[in-house]
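Me: I am new to this structure and would like to go through parts of it by question and answer. Please show it first.

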Amino acid sequence: MSKVPIAVAYGDGIGPEIMSACLYILEEAGAQIEPRVIEIGEKIYLQGYTSGFTPEAIQTIRETKVFYKAPITTPEGGGYKSLNVTTRKLFNLFANVRPAVSYYPFVDTKYPNLNVVIIRENEEDLYAGIEHRQTSDVYQVLKLITRPGTERIIRYAFEYARAYGRKKVTCMTKDNIMKLTDGLFHKVFEEIGAEYPDIEKEHWIIDIGAAKLADTPELFDVVVTLNLYGDILSDIVAQTAGSVGLAGSANIGPSVAMFEAIHGSAPRRAGQNLANPSGLLNAGIMMLVHIGQPEVAERIHNAWLRTLEEGYHTYDIYREGISRQKVGTKEFAQAVVRNLGKLPEQLRPVRYTQEGGPAKVPVIPIHHSSVPVKKELIGVDVFVDWTPGHPNELAQKIQEVLPPQLQLTMISNRGTAVWPQTLEETFLVNHWRTRLLSVDKKPITHDLVIEALQAYRRAGLDFIKTEHLYLFDGVEGFSKGQGE
Ligand code: NAD
């Protein structure tokens, strides 16, 4: 078998020690890989590359399409972009896959039966990073959810479940509140889930779902969710498994994939041969499955489980009475290498080579919506910066200048409808949404929107943003005000 080139970054802090330990184990186990070392992280940031990458490093990742990455240190002070977010965006790494497993009784945990994979959408949601300050008091971030992005992550979750012989996929959203964005995620989950009759499906509202996951994780198998929820859930689940030092993660794109530990560079532990290389090793195991070397992945995984059972533990998981010996990074790696070819005796051995799976999870190409949709403009929400007063005053100012084809139908403040009905108790800020709809919801033109804005300007109203109100095949593409 010819060796597979992989881009390798040794990273910062404990990075170089744990990467050396992992590459040693991979090579001793017979992994057919050819590491191409790239420099990223702290040094590169300090050389003036605000992304933490040099163009050469990016080129190497593009060529190898596989990136094995140790944690890096983001220097203190502003102006440095998150290298992880940059990597995800540059290489379209849309899926973050984080398995969390407990290794009870060998690693202390409150959750002996935890075995969950969190699949998190990695590019969209609030992480689009589109933020604005709109008034002296009000700041906004845009949450963007796309149908193609949602279809891709949900399909990936089902394909993952199939490839790894998992039985159930749980979707978590907050679609009782965010009916359009989270609602789309839930709807696509139902649509695509119907194509996987062999897999059990369920949906939880994220708040109670997260509570259940923290309380009874054994109820869950694969969880698919949006970016922010997934970010939070995956850390909680990894921590409850026993140690942040144990879990690895994969960031998957249509062409490139990145594999890393979930923890950071732990600078206080650096250079002392103390760190647990297990998180990065687990990432390496995922990488071997990804590049089509499941036999090697299986050998390493089982040897690692055996090592945990034997009680050779780094400081983070060392427990008097459970562990046999507190070992350093290197000695831990040597213990794993000694166990290559052995199976765990109490923990369940891992099988990556049995018939049918797990195969590399296919990334199904996505298509932009090809179904033609009839889109009609019927109005506009005009947001204005206006010193809090009685909503009736604002309504009157607007109604005096409005073109006759448009009607003011609602004013809301922080999302709560405050006109035509106003409650004295509602807290008001200087950020108002004024909803203009055409008479009888007849289609209007952009010219009419411009006319309306000119009227606002004549009335001395400081409009700060507009959102067009559309019907898509006759269905409203906008939410109502709370209490409307
Ligand atoms: P951290 O994950 O580095 O450390 C948190 C705690 O866990 C510390 O007590 C640490 O000693 C311990 N720990 C972490 N990994 C361990 C291991 N392998 N073995 C034993 N103990 C381990 O998080 P932090 O302290 O918040 O961040 C430190 C630096 O890492 C920061 O510069 C941060 O930006 C960076 N970071 C990088 C990544 C990444 O590259 N993916 C992720 C998170 C944080």
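Me: At roughly what angle do the axes of helix H7 and helix H8 cross?
Reply: This is a predicted model. Helix H7 covers residues 206-215 and helix H8 covers residues 227-241. Their axes come within 11 Å and cross at roughly 15°.

Me: Is H7 roughly parallel or roughly antiparallel to H8?
Reply: The axes cross at roughly 15°. Angles under 35 degrees count as roughly parallel, so H7 is to H8 roughly parallel.

Me: Which residues in H8 are met by residues in H7?
Reply: On the H7 side the contact involves Ile 206, Ala 210 and Leu 213. By class, the contact of H7 with H8 has six nonpolar residues, with no polar and no charged ones. The residues met in H8 are Tyr 229, Leu 233 and Val 237.

Me: How is H1 placed relative to H9: oblique or roughly parallel?
Reply: The axes of helix H1 (residues 15-28) and helix H9 (residues 278-290) come within 9 Å and cross at roughly 40°. Angles under 35 degrees would count as roughly parallel, and 65 to 115 as roughly perpendicular. The angle therefore makes H1 to H9 oblique.

Me: What is the handedness of the crossing of H1 and H9?
Reply: Residues of H1, including Ile 18 and Met 19, meet residues of H9, among them Leu 280 and Leu 281. The crossing of these two helices is right-handed.

Me: Which residue has a backbone N or O atom 2.9 Å from a nitrogen atom of the ligand?
Reply: The ligand is surrounded by 19 residues. For Gly 264, a backbone N or O atom lies 2.6 Å from an oxygen atom of the ligand. The contact with a ligand nitrogen atom at 2.9 Å belongs to Asn 276.

Key. Residues are numbered from 1 along each chain as its sequence is written. This is a predicted model: local features need pLDDT of at least 70, side-chain atom pairs count only at pLDDT 80 or more; totals for chains, interfaces and linings use all residues. Side-chain values use heavy atoms; hydrogens and water are left out. Axes are lines fitted to C-alpha atoms, for helices over the stretch in contact, and angles run from 0 to 180 degrees between N-to-C directions. Helices (H or I, at least four residues) and strands (E, at least two) are DSSP runs, numbered from the N terminus. Angles under 35 degrees count as roughly parallel, over 145 as roughly antiparallel, 65 to 115 as roughly perpendicular and the rest as oblique. A crossing is left-handed if the near helix is turned anticlockwise from the far one by less than a right angle, and right-handed if clockwise. Contact means heavy atoms within 4.5 Å. A residue is near a molecule or strand if one of its heavy atoms lies within 4 Å of it. A polar contact is a pair of N or O atoms within 3.5 Å; within protein, one must be able to donate a hydrogen and the other to accept it, and residues adjacent in sequence count only if both atoms are side-chain atoms. Ala, Val, Leu, Ile, Met, Phe, Trp, Tyr, Cys and Pro count as nonpolar, Asp, Glu, Lys and Arg as charged, and the others, Gly among them, as polar.
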